[in-house]
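The following exercises are to be worked with the sequence and the model at hand. Each task is followed by a solution in steps.

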Amino acid sequence: MTPQEFDAFYAASFSRLTGQLYALTGNWSEAQDVVQEAFIRAWDRRRTFDLDNAPEAWIRTTARRLAHSRWRRLARGLQLAGRHHRQEPPAVEPPTEEHLVLVAALRDLPEAQRGALVLHHMCDLSVEQVARETGASVSAVKSRLARGRTALAAVLADRAPTSEEGNLCV
């Protein structure tokens, strides 16, 4: 991939990847940081990237691994500091209200289900691609998707506005 192709790839995919990582991490700033770091790492490998060979998947996987590494370092630092609880990240305004509702609902799901749902539905990956990116079997991904959809529907139903809150619900 030439520098010009890489620049075009960056411009076309940075925003989408940041939105996807935001859904996984629940923190807009963190999502921007890990996606940017993944692109920095990709720059050194751009000559081996092929636009037909899903370079976006490489960026997303690298960014997801960076986020997980940061979470582990944070947890270890808190443990070493004698703090036995995790602090919630500061609330960050999302790009849209719908995105915020979805991310908040996704946060209530187990990580494996959340990851499968985001990769399959928001990143438009097939079940087989999700399995490759997460290292899980195809049957495990299918199970996570089914359970995750059910759990997500329940969480979103609990958060739906009622007629007492001023919205018309029939």
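**Exercise 1: Overall architecture**

Determine the secondary-structure content of the protein chain and the order of its elements.

Solution. The protein chain of this predicted model contains 7 helices and 0 strands. Along the sequence, the elements therefore follow the pattern α-α-α-α-α-α-α. The chain has 170 residues, of which 37% count as buried. Among contacts with a separation of 6 or more, 63% are between residues 24 or more positions apart. The exposed surface of the chain is about 10400 Å², and carbon and sulfur atoms supply 52% of it.

**Exercise 2: The faces of helix α7**

Establish where the buried residues of α7 fall when the helix is seen down its axis.

Solution.

1. Begin with the dimensions. Helix α7 comprises residues 138-159, 22 in number, and reaches 31 Å from its first C-alpha to its last. This is close to the 32 Å expected at 1.5 Å a residue.
2. List the buried positions, using the limit of under 20% relative accessible area. In α7 they are V141, L145, G148, L152 and V155.
3. Project them down the axis. The buried residues of α7 fall within an arc of 110°, so they line one face of the helix.
4. Inspect the other side. There, S139, R147, T150, A157 and D158 are exposed.
5. Identify the packing partners. The buried residues of α7 pack against α4 (97-107), α5 (111-122) and α6 (127-134).

**Exercise 3: Aromatic pairs of F6**

Classify the geometry of the ring pairs that F6 forms with F39 and with W43, and state which helices they link.

Solution.

1. Search the whole structure: there are 8 aromatic pairs.
2. Take F6 and F39. Their rings are 6.1 Å apart centre to centre, with 80° between the planes, and the pair is edge-to-face. F6 belongs to helix α1 (residues 3-25) and F39 to helix α2 (residues 28-44), 33 residues apart.
3. Assess burial. F6 has a relative accessible area of 4% and F39 one of 2%; because the limit for buried is under 20%, both are buried.
4. Take F6 and W43. The ring centres are 5.1 Å apart and the planes are at 75°; because planes over 60 degrees apart count as edge-to-face, this pair is edge-to-face. With F6 in helix α1 and W43 in helix α2, the pair ties together parts that are 37 residues apart in sequence.
5. Assess W43, which is partly exposed at 33% relative accessibility.
6. Assemble the cluster. Ring pairs link F6, F9, Y10, F14, F39 and W43.

Conventions
Residues are numbered from 1 along each chain as its sequence is written. This is a predicted model: local features need pLDDT of at least 70, side-chain atom pairs count only at pLDDT 80 or more; totals for chains, interfaces and linings use all residues. Side-chain values use heavy atoms; hydrogens and water are left out. Helices (H or I, at least four residues) and strands (E, at least two) are DSSP runs, numbered from the N terminus. The expected span of a helix is 1.5 Å times one less than its number of residues. Buried means under 20% relative accessible area, exposed over 50%, partly exposed in between (1.4 Å probe, protein chains only). The arc is that of the directions from the helix axis to the C-beta atoms. Contact means heavy atoms within 4.5 Å. Accessible areas come from the Shrake-Rupley method with a 1.4 Å probe; for residues, only the protein chains shown count as cover. Rings of Phe, Tyr and Trp (its six-membered ring) pair if their centres lie within 6.5 Å; planes under 30 degrees apart count as stacked, over 60 as edge-to-face and the rest as tilted.
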